[in-house]
Amino acid sequence: MAVAPSGGTGRDGWSSRTAFILAAIGSAVGLGNLVRFPAEAASNGGGAFVLFYIFCIVLIGLPVLLSETLIGRHGQSSATQSVRRLAVESRASPYWEGLAGLGVLAAFMILAFYCVIGGWVLYYIGLFFLDLFQSGVTGGALQGLSAEQIEAIFPALQADGFTMSGFDIAFVAITLYFVARGVSGGIEVVAIWLMPAFFALLLLITIYGAFGGAFTDTLGYLFTFDFSKLTGEVMLAAVGQAFFSLSLGVAGMITYGSYVGRDVNLAGTSAIIAFADTSVALVAGLCIFPIVIAAGLSTEGGLGLMFATLPHAFQSMPFGSVIGLAFFIMVGFAALTSSVALMEVPTSWAMEKFKTSRALTAITVATLAGLLGVASAYSLNTMSGFHPLGFIPLFEGEGVFSALDSVTAKLFMPVGALLVCIFVGWIADPKLVDSENGLDGALHKFWRFLVRYLCPAALLAIMVAGLSG
Ligand code: PHE
């Protein structure tokens with residue numbers, strides 16, 4: 001039974017602390033850990049990036065995560081209303097709610113292209129399923145193809161706007177199903193079932209890779225800290241990745257925090273969430289690189305690492321079809337618990353704003369995100385000449401898909417997180433903030449120092465470098 005966390009207001013909420021922790025980990029753990037982290041680590045010099053990334057998670061990500069969840073828990077309503085409430089109670093301008101408004105918009109934009117990638121994952125699940133189904137465990141249809149033919153599947157998919165749109169809509173529809181069922185009836189259910197399954201699959205595939213793959217080479221690759229490689233660019237990439245991975249700066253953790261009961265210690269749970277997210281990113285590296293390195297393939301190649309290089313590598317290993325299928329199912333689980341979080345942010349906002357029912361609101365959000373997703377899918381082929389933000393030099397030449405990605409990563413997320421720090425560190429009444437954060441003594445002083453000084457300074461630096469580059 002769901003326990004209303006908001007002191008009898010009847011608002012839907014997490015049924016337990018564990019449900020909140022699993023849902024928040026589900027939001028954090030996603031394509032960011034499995035696709036973006038290995039790709040970023042590979043193109044930013046391996047170990048140096050990894051070490052600085054961990055540093056960013058602890059010193060910047062974690063304080064911001066706690067700040068977002070405490071705003072939500074205090075407000076017990078949608079992201080914008082929660083910020084507004086804390087602002088008004090602190091005798092500050094209600095317009096601070098704009099910071100969450102930006103986040104809601106950003107979450108919607110990420111949702112649109114995230115589901116396109118989710119659609120690719122569905123497509124590969126289908127591919128490996130057919131492979132297994134058609135020809136038994138090891139001699140699947142993909143194995144009849146040459147390495148080049150397997151790698152060519154991904155560019156062919158990207159060239160096919162119609163197929164991508166179909167899979168995108170399917171992924172949006174699955175996400176919608178759970179969001180429409182509510183927080184305790186849908187969103188936490190998907191997390192409670194899928195996250196343990198995700199962890200089990202990740203462990204199994206990592207062990208498989210450790211025995212069959214180049215595990216020691218990978219350890220050397222990921223954990224050799226060559227500090228000469230720690231350039232400004234690498235540091236910026238690491239901070240950006242930390243935000244994306246912890247779902248920060250897009251009002252997502254404000255929204256999830258708003259469903260948390262008063263009995264939960266937010267500092268402790270934020271630490272668990274950040275620890276789990278970081279561990280998954282590292283283990284994902286330990287899972288993916290051994291397989292790729294053992295097959296003698298390049299670890300570079302961005303999205304192609306997962307969708308072209310890995311399928312090729314799987315096919316050169318024993319039980320490749322089964323492992324490939326298990327791998328993409330695992331990625332699908334992680335992507336779904338994140339897309340659910342992304343859809344919940346605009347849904348909870350619009351439900352409160354327009355006083356509409358959850359089902360109707362979620363259907364509307366899903367339809368709009370689906371349309372934008374279809375535009376993103378076609379921007380990779382037929383519409384590649386259309387550059388919606390072409391008038392801004394930073395986004396010159398980017399189609400809908402990559403513009404959505406860049407504008408959220410380079411602009412919305414850092415600005416959102418910066419505003420959260422300024423709001424919680426300088427504007428909100430410290431008494432109210434302290435009644436929520438679950439910290440005392442030296443740790444409390446340290447957290448306040450980070451939120452007031454270090455995080456804003458670091459974020460400003462990212463933005464200056466990001467916007468000028
Ligand atoms: N953190 C998710 C991932 O790593 C993405 C995400 C961003 C989810 C923002 C929700 C909000 O894939």
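This passage walks through a ligand site, one helix and a handful of residues in a predicted model.

Some ground rules come first. Because the model is predicted, local features need pLDDT of at least 70 and side-chain atom pairs count only at pLDDT 80 or more, while totals for chains, interfaces and linings use all residues. Residues are numbered from 1 along each chain as its sequence is written, and side-chain values use heavy atoms, with hydrogens and water left out.

The ligand makes a good starting point. It has 13 residues around it, and the closest are Ala28, Leu31, Gly32, Tyr114 and Phe244; a residue counts as near a molecule or strand if one of its heavy atoms lies within 4 Å of it. Several polar contacts turn up here. A polar contact is a pair of N or O atoms within 3.5 Å; within protein, one must be able to donate a hydrogen and the other to accept it, and residues adjacent in sequence count only if both atoms are side-chain atoms. A polar backbone atom of Ala28 sits 2.9 Å from an oxygen atom of the ligand, and a polar backbone atom of Gly32 is 2.8 Å from an oxygen atom of the ligand. Ser247 uses its side chain instead: a polar atom there lies 3.0 Å from a nitrogen atom of the ligand. On its own the ligand has 330 Å² of accessible area, and the protein covers 99% of that. Accessible areas come from the Shrake-Rupley method with a 1.4 Å probe, and for residues only the protein chains shown count as cover.

Ala28 also belongs to helix H1, which takes in residues 17–28. Helices (H or I, at least four residues) and strands (E, at least two) are DSSP runs, numbered from the N terminus. The expected span of a helix is 1.5 Å times one less than its number of residues. For the 12 residues of H1 that gives 16 Å, and the C-alpha atoms at its ends are indeed 16 Å apart. H1 is largely enclosed by the rest of the structure, because 10 of its 12 residues are buried. Buried means under 20% relative accessible area, exposed means over 50%, and partly exposed is in between (1.4 Å probe, protein chains only). Among the buried residues of H1 are Phe20, Ile25, Gly26, Ser27 and Ala28.

Gly26 leads on to Thr337, a residue of helix H14 (residues 320–354). A polar atom of the Thr337 side chain lies 2.9 Å from the backbone oxygen of Gly26. The side chain of Thr337 also reaches the backbone oxygen of Ala334, at 3.1 Å. With a relative accessible area of 3%, Thr337 is buried. Contact means heavy atoms within 4.5 Å, and, leaving aside neighbours within four places in sequence, the contacts of Thr337 include Gly26, Ser27, Val29, Val190 and Tyr256.

Another threonine, Thr309, lies in helix H13 (residues 304–315). Thr309 is buried at a relative accessible area of 9%. Outside its neighbours within four places in sequence, Thr309 is in contact with Glu151, Val292, Leu297, Ser298 and Gly304.

Now for the loops. Trp96 is placed in the loop between helix H4 (79–89) and helix H5 (97–135), and counts as buried at 18% relative accessibility. Not counting residues up to four places away in sequence, Trp96 touches Val83, Ala87, Leu419, Ile422, Phe423 and Ile427. Between Trp96 and Ser298 there are 46 Å in space, C-alpha to C-alpha, and the two are 202 residues apart in sequence. Arg91 is found in the loop between H4 and H5 too, but at 80% relative accessibility Arg91 counts as exposed. Its phi is near 60°, a positive value in a residue other than glycine. Phe319, in the loop between H13 and H14, likewise has a positive phi near 60° without being a glycine, and is partly exposed at 49%. Asp226 occupies the loop between helix H9 (215–223) and helix H10 (232–245) and is partly exposed at 32%.

Finally, the cysteines. A disulfide is a pair of cysteine sulfur atoms within 2.5 Å, and a search of the whole structure finds zero of them. Cys455 is in no disulfide, as the nearest cysteine sulfur, that of Cys421, is 4.6 Å away. Cys455 is buried, with a relative accessible area of 0%, and Cys115 counts as buried at 1%.
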